[in-house]
Amino acid sequence: MSITEHQEYQSERTRLEATKEYIGLVLQESEQNEDAFRESIKEAYANLNSLDGSEGYIALLTSARFLDMTRESLRQLRQVQSKPYFCRIDVRPENYDQIQPLYIGKASLFRPDTQEPVIVDWRSPIANVYYEGRIGPISYETTTGTERGELFRKRQYTIENGELHDFRDLDITTRDELLQESLGGSADSRLKDIVSTIQEEQNRVIRAEMYRPMIVQGAAGSGKTTIALHRIAYLIYTYGDKFNPDQFMILAPHQLFLKYIADVLPELGVEAVKQTTYLDFVFEGMGKKLKLTDPNERLFQFLEGGDQTDLLRFVSRFKGSVEYKQLIDAYLDALTVRMLPREDFKLAKHIICPADEIQKFFRTDYVRLPIYKRVEKIKKILQDRLKVKKKEIMKHIVDHYDHEIDQAFVHYRDPEKRRTHVVKLMDAKEDLLKKVEARSKTLVKDYMAKFPKQTLAAHYREFLQDEALLSTAASAEEIGFLQEHTFALLDKKRMELEDTAALLYLQHKLFGLLSEMKVRNLVIDEAQDYSVFQLLTLKEVLGSDMFTILGDLSQGIHSYRGVESWDKVLQAVFPSGNCNYLVLEQSYRTTVEIMNLANRVIVHSSTPGLVLAKPVVRHGEEPRQEVFTEESALIAQVLADVERLKGAGMNSVAVIGKTMAECRRIKKRLDEQGTELRIQVLDEKEDYSGSDLVIVPSYVVKGLEFDAVFIVNLQEAYTADELDVKLLYVAMTRPLHRMAVYSMEGKRGLLDLI
Ligand SMILES: Nc1ncnc2c1ncn2[C@@H]1O[C@H](COP(=O)(O)OP(=O)(O)OP(=O)(O)O)[C@@H](O)[C@H]1O
């Protein structure tokens with residue numbers, strides 16, 4: 001049956017037309033007179049209580065935020081005009097006898113004349129019923145408590161360019177159909193929003209309580225990045241009265257990834273959220289760009305092998321450990337003892353501030369301030385006290401000499417002698433006053449000079465020479481290597497990513513961060529690459545633990561410096577035990593056939609507590625695996641396939657090589673064959689919209705996705721080493737629909753084991 005024959009088609013169409021018309025009116029009116037419009041909305045709000053006494057109904061409407069008609073929501077309305085809503089729920093709130101159809105979309109809109117919610121925002125409390133409620137009794141949480149009622153229908157719409165194409169009533173089985181439709185679509189060079197198909201387990205992450213930190217271990221393609229962004233949109237909507245959007249931040253691994261996710265928040269109607277990379281955040285806090293070695297250098301060193309691999313592994317792990325932080329804390333503690341002068345602050349024989357009081361300021365009263373800020377504070381105190389004391393001393397001198405002079409008038413009868421004595425006293429007084437004046441000018445400066453001041457780099461160097469490093473469980477050889485390795489970098493004025501946690505921490509503790517950190521709520525994507533020390537530092541500098549941490553240990557290609565197990569993060573970063581831990585197993589990106597092959601790879605890793613991704617049931621072609629004896633034949637095959645795929649509407653196609661060197665080789669071979677395709681080799685800084693085919697190294701491709709992926713092994717094979725297993729797994733979990741693995745003879749490596 002065509003949808004137009006459905007008995008409710010006409011009424012649904014009419015509803016859509018009416019909604020569009022109403023949006024048009026609202027926009028027109030608001031454009032003409034935005035201020036007056038807002039006034040009239042406020043008025044309607046003021047009248048609401050007297051018009052309808054049902055608290056439940058009012059709560060329902062209020063929770064839909066129908067009155068929050070700000071400029072922001074007008075902008076949102078403009079955005080949703082061609083697709084005002086994606087579903088409808090028919091609910092009857094408890095103690096209310098009418099069934100209310102609520103249309104849910106990416107904006108909220110209310111008809112002030114009838115109090116009817118025209119569109120209910122997907123983030124409102126009642127909309128939760130769409131994501132989690134079953135037909136029958138329902139309940140949902142609002143700011144004022146639990147609301148109850150009954151759900152009679154969930155209806156889903158396909159609306160494109162303002163036209164109603166389809167609608168269907170959902171139950172547990174039909175829900176999948178819609179998801180399938182969405183997953184069957186083509187990949188863009190940008191991630192998209194999923195408001196209409198958010199799954200129950202994902203919804204739970206999105207709507208989890210804000211004040212509790214949360215760790216999400218999610219399989220490849222389980223929607224972590226997507227959920228991270230939807231969660232921010234949800235939190236801003238729900239806690240908008242307490243936090244501004246610029247107090248939210250998402251940390252992504254690199255610029256390429258930031259560009260990939262850039263459209264989602266604006267699509268969700270959210271602006272001003274800080275979207276940055278971890279390194280840029282560090283640079284911002286330190287007020288300058290540190291000269292860093294390539295953040296992937298360690299990974300290259302491991303791929304190349306070599307006799308220092310174990311020691312380098314130790315350096316990465318140690319620099320990201322809780323122990324390293326504790327050593328820095330001990331260094332700072334010792335520093336505060338060492339840098340304090342033992343002498344009292346005195347002017348002549350007068351003690352203005354005793355040494356132990358200065359110590360108390362430094363180690364107790366102002367202990368929350370960065371060390372050098374405490375020094376500044378003490379300087380200010382000494383200046384203030386000196387000012388007061390100087391006045392007292394000057395007065396005392398004047399009084400003393402004036403008294404002496406008075407006495408001289410009594411004691412000396414001989415006028416000549418008296419005059420001589422008085423002049424002497426007056427000169428002495430002047431002299432002393434001048435001396436006190438002169439001395440007090442430099443007194444504070446001289447005293448403050450006793451506080452040694454060093455640069456951040458000098459402190460880090462000093463810390464690395466600290467004997468305490470030798471008291472750890474690490475061997476003398478390991479510590480010696482760490483020192484030598486880091487000093488060699490520092491001598492070249494360079495540091496490595498592994499040092500950034502320590503440096504940002506030291507900057508914060510010694511000098512304070514150079515830019516004001518407004519952010520209170522942090523979402524970290526690809527969090528498996530963060531060390532415990534990095535996470536602790538972020539917590540410390542933001543002064544908040546409202547963290548949403550999303551990652552996948554199976555994709556931990558930087559596990560030598562990143563998360564070993566989530567348990568360790570839970571214990572070290574959130575010791576109070578208030579952190580939520582959730583697992584997402586379902587994977588939405590790829591087909592069953594591709595996921596099965598990827599899972600056969602990852603079982604070769606030793607990831608702790610490995611949970612295999614479960615693909616949603618979506619079938620596709622079996623991944624092709626071929627071996628070639630000629631590179632030119634392999635490349636010709638890729639080109640022929642790409643042509644075919646493009647013809648089949650697969651727009652985003654990637655060739656994944658193990659390393660950048662391999663990618664360049666592939667590019668060279670492709671160029672040699674002469675092709676019209678616009679081909680781009682991607683590194684972490686590039687943007688790839690506009691190219692027909694991208695070639696990307698396995699360690700850069702993490703987080704991205706493509707319609708079709710070719711895994712090409714020209715001269716480099718993935719071995720059975722832990723790192724290679726994860727790199728191949730990451731590569732194999734990137735395609736949405738098609739995958740081929742093309743290897744030169746003898747370069748199948750790990751592939752022969754699966
Ligand atoms: N509920 C959903 N409805 C529709 N599409 C979804 C849903 N959940 C995830 N997807 C899609 O699945 C793909 C993977 O999502 P995403 O990139 O957010 O996953 P991820 O867990 O971050 O993946 P990875 O760790 O492998 O990079 C995206 O195309 C996303 O749009």
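**Close-up 1. Helix α11 lies across strands β9 and β10.** Residues 278–286 make up α11, and the helix runs at about 100° to β10. Before going further, note that this is a predicted model, where local features need pLDDT of at least 70 and side-chain atom pairs count only at pLDDT 80 or more, while totals for chains, interfaces and linings use all residues. Residue numbers start from 1 along each chain, as its sequence is written. Helices (H or I, at least four residues) and strands (E, at least two) are DSSP runs, numbered from the N terminus. For angles, axes are lines fitted to C-alpha atoms (for helices, over the stretch in contact), and the angle between N-to-C directions runs from 0 to 180 degrees.

**Close-up 2. Here is the open sheet that β9 and β10 belong to, with 6 strands in the order β10-β9-β13-β14-β8-β15.** The pairing in this sheet is parallel; two strands count as paired if DSSP finds at least two bridges between them. At the edges sit β10 (274–277) and β15 (580–584), each pairing on one side only. On average, neighbouring strands are turned by 15° against each other, direction ignored. Take a look at β9 (residues 248–252): 4 bridges join it to β10. To find one of these spots, go to I250, whose bridge partner in β10 is Q275.

**Close-up 3. Strand β6 pairs with β1, with β5 and with β7.** Strand β6 covers residues 145–160, and 7 bridges tie it to β1 (residues 87–93), running antiparallel. In that pairing, P93 has G149 of β6 as its bridge partner. Strand β5 (residues 136–142) also pairs with β6 in the antiparallel sense, over 7 bridges, and here G136 is partnered by L151. These two strands form a hairpin with 2 residues between them. Then comes β7 (residues 163–169), antiparallel to β6 over 6 bridges, with D166 in β7 as the bridge partner of T158. β6 and β7 make a hairpin as well, with 2 residues between the strands, and N161 there takes a positive phi near 45°.

**Close-up 4. Another open sheet has 6 strands, in the order β18-β23-β22-β19-β21-β20.** Its pairing is parallel, and the edge strands, which pair on one side only, are β18 (624–628) and β20 (679–681). From one strand to the next, the twist averages 20°. Over at the β20 edge, 3 bridges link β20 to β21 (residues 693–697), and Q680 stands opposite V694 of β21. Helix α25 (residues 660–673) packs on this sheet, touching β19 (653–657), β20, β21 and β22 (706–713), and its direction makes about 155° with that of β21.

**Close-up 5. Helices α14 and α21 cross at roughly 50°.** Their axes come within 8 Å, with α14 spanning residues 322–338 and α21 spanning residues 532–542. That angle makes α14 oblique to α21: angles under 35 degrees count as roughly parallel, over 145 as roughly antiparallel, 65 to 115 as roughly perpendicular, and the rest as oblique. V322, Y324 and K325 of α14 meet V532, F533 and L536 of α21; residues are in contact if their C-beta atoms, placed from the backbone, lie within 7 Å. By class, this contact has 5 nonpolar residues, no polar ones and 1 charged. Nonpolar means Ala, Val, Leu, Ile, Met, Phe, Trp, Tyr, Cys and Pro; charged means Asp, Glu, Lys and Arg; the others, Gly among them, are polar.

**Close-up 6. Helices α16 and α17 pack at an angle of about 175°.** The axes of α16 (residues 371–411) and α17 (residues 415–448) are 10 Å apart. At that angle, the two helices are therefore roughly antiparallel to each other. Their contact splits into 21 nonpolar, 3 polar and 5 charged residues.

**Close-up 7. The ligand has 24 residues around it.** A residue is near the ligand if its C-beta atom, placed from the backbone, lies within 6 Å of it. T197, A220, G223, K224 and T226 come nearest. Helices α6 (172–183) and α8 (224–238) are the elements that give two or more residues to this shell. The shell divides into 6 nonpolar, 13 polar and 5 charged residues. At least three of the shell's residues come from each of domain 2 (204–287 + 520–587) and domain 4 (592–753), with bounds taken from an automatic or database domain assignment.

How values were computed:
Contact = placed C-beta atoms within 7 Å.
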